[in-house]
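Welcome! Please take a look at the model below, then work through the exercises at your own pace.

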Amino acid sequence: MPRLYWGQTSRFTNAFNPAIGLAVDGTFSHVESDDLEGYKFDLNLAELTMQGPLSPNWWGNFALEANTEEVELSESALYYTGIGERSSLRAGKFFIDFGKQMQIHVHDLSTPQRPAVLREYLGAELPGTGVQFDHWSPIGEETAFRFSAGLFSDMKSHGHGSLFEEGGDHGHGGEDHDEVGMHLEDRRELSDLIMTARATAMKDVGTNGIFQLGTSLRSLPEFGFEGGEDDAGDELEVDGLDQSVIGFDLSYGWDSDDGTKGWDLGLEFLRMEGALAAEVVDDGLPTASLDVYDGSAQGWFAFVEHDWNQQNGFGVMVSAFEHLEEGAPMDTETSIYWSHYPTEYTRFRVAAINRESDEGEDSQALLFQLTGYFGAHGHPYNW
Amino acid sequence: MAFSLSLPSCLLAVLGLVSPGPETGAREAQELLRIVTTIPDLADIARRVGGDAVRVDCIARGSENLHSVRLRPSHMVVTSKADIFIQVGLALEHSWVPGLLESSRNRRIAIAGPLNVGDGWPGRIEIPVTLDRTAGVDIHPLGNPHINLHPGFGPFAARKIRDRLKEERPQSAEMFDERCAAYEKLVAGHAKRWSRISELLKGRKVVQYHKEFSYLCKANGLEMVGALEPKPGVPPTPGHLAKLAVKMREQEVRVVLHGPWTPGRVAKDAAQRAGARAVELQVMTQREGDSWHAFMDRSHEALLEAWGLELQKAEPGKEKEDG
């Protein structure tokens, strides 16, 4: 559970009107890789959030993200909590419940970027449109067990925060792969809708520690790849594919008696199976074809973070994964980062990132990030 | 025989992870009222007023910054089973209580709401004129929320808790009245000594790190010259500390008060610079084996000691307690 579970959501809460907030996140970075080199300023996002109760049994939230290129509704959902003790039903567009991280927006992460394996297999951010049932139950006095199950018709990753791809991020698991994109039929059979599930247990360890264990699944039973048209004017597309991602996560957090110092450690393993990616095979002929890479790939990330006082934290994150392409070359990304909070509502971060690939495409980046929060900023997510 | 099965219960039954069902919970509720409090001060007072009729669990440890408390699984568990959730209110626990209540999904609390002991607190201080963050980061729209450091807090909170307990258990109203009256009498005994200490402290000048001792200072007639934080929630800056040191020397401030969670070294350096001394005070009752009135005893004694003062003779403040 994050140190401030709800962030500053209710700093200026209002019993009737939604709490309104704005977050601004920008970076100045230098990247050196085979494809990219140079300095760049990025406005990652200016995000407007609103959330609040509609009645004792209903609750809702809304998040609109904008940067210099696009405006996107990243979340808009209603929650019904009147179906029983410790249960809720959520409907609308919201971030999927996968692992410890995917419900959290990139700008709210304690790491400078989404871990590379998550970006590759699920996308930098992955909201879905659908419904999700969620329930938790106590086991004894110090353990809580939670599970969720979701059904979605639409799930498209969008991304900011990845430094090594030109123009932002791409995600094989969610959206475009080079010129080949993932395609979901607008209307499908109920059994063909995207499914997510998560089960997790969290337990007190002593008086100052928390241990959490979890497993997650995302299944795409029916989708296709499309790659535009070939020179003969024929559409390049393959349908009737399926794909699943399963994850296992564990984490441990500890804080000092006065709450000003702490350690957080985490590890997450992901395995992806099915139709992983596709590429256009063009031999110079007028006709081309889509070659689907069917198989499995796996990867992991681990991090250690230390808050040495209320204003400063230091962390190291390593992520290694098999690329979603033939041969599954391995990539390893290592980030070292220092986060400084001049105040509760302002964060300055410096990060050095190194990425090494089996294919010899190594990249380095130096990142300076500034984030500011106005009003009652916060995103709902489950632990 | 009627059966009541909910979807979550069925799913949990399949998983073999069924928790005590609602029937069991209802039986327990008739025997013991389960109370969760945000701070140990309220836990102590609730136990004294509720006696054997209540089981009280507390969230905060007693040493952390109350504006940010790390929530734990056990907090969610006890909150999900609570009949009454008690907080100070006035936005003191604002950054974590809404999340705790939301995630614990206790429908009883969701509908009834928490008991805000601070509602109706007389003499609120440091109420911001405008809700503008140029005036600071820790802006509390209802004023300084650290009322648990005021000598009148115990009896005030006890009466609020008594009234709520009487609503929940009207059949035990007489017992709650008696226990509340006994508690007020106990605190009144301690308050005599606090008043005598206050006479000695009156008019002395003090600086705080964060304005969490304002009620304690005001009640003791201490003159608050400033704070190490230039604005509430904004860490001290070199420029501000330099100006404050000059002001402290000019006004002969001898004591800088700070809490356990604030950087003691900064407070010590700032105090030494102005020829004063830094004194760490607890900001709430401690979790194990402590009581609110004992915490207030310690706070007053610490203030006496900070100025090197002594009361002339022993007073009944340490007299017998009711346990």
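Here are some notes on the model, followed by three exercises with worked solutions.

This is a predicted model, in which local features need pLDDT of at least 70 and side-chain atom pairs count only at pLDDT 80 or more, while totals for chains, interfaces and linings use all residues. Residues are numbered from 1 along each chain as its sequence is written, chains are lettered from A and ligands numbered from 1 in the order in which they are written, and side-chain values use heavy atoms, leaving out hydrogens and water.

**Exercise 1. Find the buried residues of helix 5 of chain B and what they pack against.**

Step 1. Helices (H or I, at least four residues) and strands (E, at least two) are DSSP runs, numbered from the N terminus. Helix 5 of chain B covers residues 97-104.

Step 2. Buried means under 20% relative accessible area, exposed over 50%, and partly exposed in between (1.4 Å probe, protein chains only). In this helix, B:V97, B:G99, B:L100, B:S103 and B:S104 are buried. Seen down the helix axis, they fall within an arc of 160° (taken from the directions from the axis to the C-beta atoms), so they line one face of helix 5 of chain B.

Step 3. These buried residues pack (contact means heavy atoms within 4.5 Å) against strand 6 (127-139) of chain A, and also against helix 4 (73-80) and strand 3 (84-87) of chain B.

Step 4. After the helix comes B:R105, with a positive phi near 55°.

**Exercise 2. Work out the strand order of the open sheet in chain B, and its edges.**

Step 1. Two strands pair if DSSP finds at least two bridges between them. The 4 strands of this open sheet lie in the order 2-1-3-4, with parallel pairing.

Step 2. Strand 2 (54-58) and strand 4 (115-116) of chain B are the edge strands, each pairing on one side only.

Step 3. Strand 1 (residues 33-37) and strand 2 of chain B run parallel and are joined by 5 bridges. Across this pair, B:L33 stands opposite B:V54.

**Exercise 3. How much of chain A is buried, and what does its fold contain?**

Step 1. Chain A has 1 helix and 17 strands.

Step 2. Of its 383 residues, 53% are buried.

Step 3. Among contacts in chain A between residues at least 6 apart in sequence, 60% join residues at least 24 apart.

Step 4. For a single residue, take A:F269, found in strand 12 of chain A. A:F269 counts as partly exposed because its relative accessibility is 30%.
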